[in-house]
Structure formats: C-alpha cells, structure tokens
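Visitor: I should like to understand the terms applied to this structure. Could you take me through the reasoning behind them?

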Amino acid sequence: TVEMANGDIVALTIRDGDLFINEARVTATDIEASNGVIHVIDAVLLPPEDAEPTGNIVEVAVANGNFTTLVAAAEAAGLAETLADPDAVLTVFAPTDDAFAALGEDTINALLADIDALADVLLYHVISGAAVDSITATSLLGEEVEMANGDSVTVDIRDGALFVNDSQVVIADVPATNGVIHAIDAVLLPPEDDAEPGTIIDVATENGGFATLLAAVDAAGLTETLADPTATFTVFAPTDDAFAA
C-alpha cells in the first residue's frame with residue numbers, strides 16, 4: 001500500500017503482468033515532467049467513504065439483518081462476547097444467511113452438534129489484532145493470511161472482485177467500533193487436518209492392490225514386523241499384477 005496526498009492509501013498489485021492501483025490499470029508509465037513523473041491509468045480513483053460505526057461487530061451484524069445465522073452460531077459457540085469485545089481489533093469476513101443456507105441443513109446441524117468444530121469454522125473468518133480494510137486486503141493479492149483459528153486463507157482478485165479463498169466479498173468495509181466487517185457469499189471452511197497414516201500393513205491393506213504381497217508377508221511371518229509402529233521402513237511394494245507377472 002502507498003499513502004496518497006489526501007492521506008488515504010491505495011493498493012499496488014501486479015496482475016497478469018499489469019500494474020494496478022486499486023482497480024485502475026496503469027496503461028502508460030514513466031512520462032517525465034519537469035517536477036515529477038506521470039503514470040496513465042484507465043479509471044478514476046475514488047477515495048473511500050468515511051462512515052461512522054454504529055456499534056460493535058455483533059451489534060452491526062444484528063442491525064443489518066442478513067447475518068442472523070452467523071450471530072446465532074457465534075452465540076452457540078460462545079464467541080459472541082469475543083466479537084463484541086470493545087478492547088479487541090478484529091476483521092470479520094461475515095457469511096450472509098444465504099451463504100450459510102448453501103452449506104445445507106445437514107452440515108449446519110453437524111456443526112451445531114460439535115461446538116469445537118463450529119468455533120474453529122467461525123474463527124476461520126476472523127483476523128485478530130487488525131482492522132484490515134478492502135484496500136489493504138487487495139494489496140495482499142496472492143498472499144496467505146493467518147486467521148484467528150491458526151489456519152490461513154488466500155486473497156485473490158477475480159474480474160475486479162475481492163475473494164478470500166473461493167468466497168467473494170460482496171459488501172466491503174462496514175465499520176464497527178472494534179473493527180471492520182466484510183460480507184462474503186460463501187462460508188469459509190478450514191482445511192481438514194491430514195489424518196495420521198497407519199502402519200505399512202494398514203496402508204497396503206487399505207490400498208487394495210497388494211493382496212499377494214500381504215499374503216506373502218503373512219506366510220513369511222513378517223506381518224508383525226512391518227506393522228511395528230515404532231519401526232521405520234521403506235518398502236518397495238510389488239503390486240498384485242507384479243506378482244502375477
């Protein structure tokens with residue numbers, strides 16, 4: 001980001017080899033003048049509108065009317081007080097009611113039945129410690145941003161629209177007394193933790209293509225050896241077709 005002469009900031013990004021200032025593309029560069037330099041852009045830059053916050057993040061979400069599911073989920077997960085904390089500085093990417101509805105009733109019910117998982121999902125929508133406006137978010141194009149649950153999201157711009165992962169920001173820069181809200185059109189789901197792999201015998205059995213090898217290992221009395229969770233092996237495993245050959 002770069003501060004302009006009026007005190008506001010703009011985001012500089014490179015997209016497909018072109019330089020952009022916010023959403024204006026630089027079409028000609030480095031035109032020298034006696035007192036500086038000119039870069040030609042294809043759109044007028046408009047300063048962001050200054051709006052006074054009407055309440056904290058929870059109060060603003062409730063007053064808006066399009067975030068009833070989000071507010072209910074935050075209350076169910078015990079996070080409403082966190083989002084309303086007057087001493088906090090938060091950025092919330094807030095899924096609309098339609099975004100939650102798109103998850104499906106089964107997924108929503110499963111989350112409500114697992115409070116830890118619900119809290120993890122909700123905190124995946126929050127940046128803690130900073131009020132990140134849409135201009136700053138634009139400047140993070142292609143970067144990963146750590147969320148309050150410890151996982152990261154990727155910022156992208158598609159056809160001029162700001163995306164967080166695959167969720168589009170449909171309303172940006174709604175101010176709150178303790179941060180800023182951006183409405184998004186899809187719920188962000190944290191990446192699934194990689195499951196701990198089983199032993200070599202477990203993995204070969206689950207694969208299904210090593211039945212002959214497993215039978216041979218068993219006949220040789222080596223099953224317990226290769227299933228030893230404290231050992232470390234590298235196995236070059238012939239497939240069933242390899243044995244048949």
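Guide: Let us begin with A80, bearing in mind that the model is predicted. Apart from its neighbours within four places in sequence, A80 is in contact with V58, A74 and E75.

Visitor: In which helix is A80 found?

Guide: A80 belongs to helix α3, which covers residues 80–84.

Visitor: How far apart are the C-alpha atoms of A80 and F236?

Guide: A distance of 53 Å separates these C-alpha atoms, and the two residues are 156 residues apart along the chain.

Visitor: Why is helix α2 called oblique to helix α6?

Guide: The axes of α2 (residues 68–76) and α6 (residues 115–123) cross at roughly 130° and come within 9 Å. Angles of 65 to 115 degrees count as roughly perpendicular and those over 145 as roughly antiparallel. The angle of roughly 130° falls in neither class, and therefore α2 is oblique to α6. The crossing of these two helices is left-handed.

Visitor: Which residues of α2 and α6 meet?

Guide: From α2 the residues are L70, A73, A74 and A76, and from α6 they are I115, L118 and L122. By class, this contact of α2 with α6 has seven nonpolar residues, no polar and no charged ones.

Visitor: What makes α5 roughly perpendicular to α6?

Guide: Helix α5 spans residues 105–113, and its axis crosses that of α6 at roughly 110°, the two coming within 5 Å. The class of roughly perpendicular runs from 65 to 115 degrees, so α5 is placed in that class relative to α6.

Visitor: Which residues form the contact between α5 and α6?

Guide: L111, L112 and A113 in α5 meet I115, A117, L118 and V121 in α6. The contact of α5 with α6 has seven nonpolar residues, with no polar and no charged residues.

Visitor: How do you know that the charged end of R15 sits over the ring of F20?

Guide: The charged end of R15 is 4.4 Å from the centre of the F20 ring, and the distance criterion is within 6 Å of the ring centre, together with a limit of 35 degrees from the ring normal. R158 likewise lies over the face of F163, at 4.4 Å from the ring centre.

Visitor: How many aromatic pairs does the structure hold?

Guide: The structure holds zero aromatic pairs. A pair would require ring centres within 6.5 Å.

How values were computed:
Residues are numbered from 1 along each chain as its sequence is written. This is a predicted model: local features need pLDDT of at least 70, side-chain atom pairs count only at pLDDT 80 or more; totals for chains, interfaces and linings use all residues. Side-chain values use heavy atoms; hydrogens and water are left out. Rings of Phe, Tyr and Trp (its six-membered ring) pair if their centres lie within 6.5 Å; planes under 30 degrees apart count as stacked, over 60 as edge-to-face and the rest as tilted. Axes are lines fitted to C-alpha atoms, for helices over the stretch in contact, and angles run from 0 to 180 degrees between N-to-C directions. Helices (H or I, at least four residues) and strands (E, at least two) are DSSP runs, numbered from the N terminus. Angles under 35 degrees count as roughly parallel, over 145 as roughly antiparallel, 65 to 115 as roughly perpendicular and the rest as oblique. A crossing is left-handed if the near helix is turned anticlockwise from the far one by less than a right angle, and right-handed if clockwise. Contact means heavy atoms within 4.5 Å. Ala, Val, Leu, Ile, Met, Phe, Trp, Tyr, Cys and Pro count as nonpolar, Asp, Glu, Lys and Arg as charged, and the others, Gly among them, as polar.
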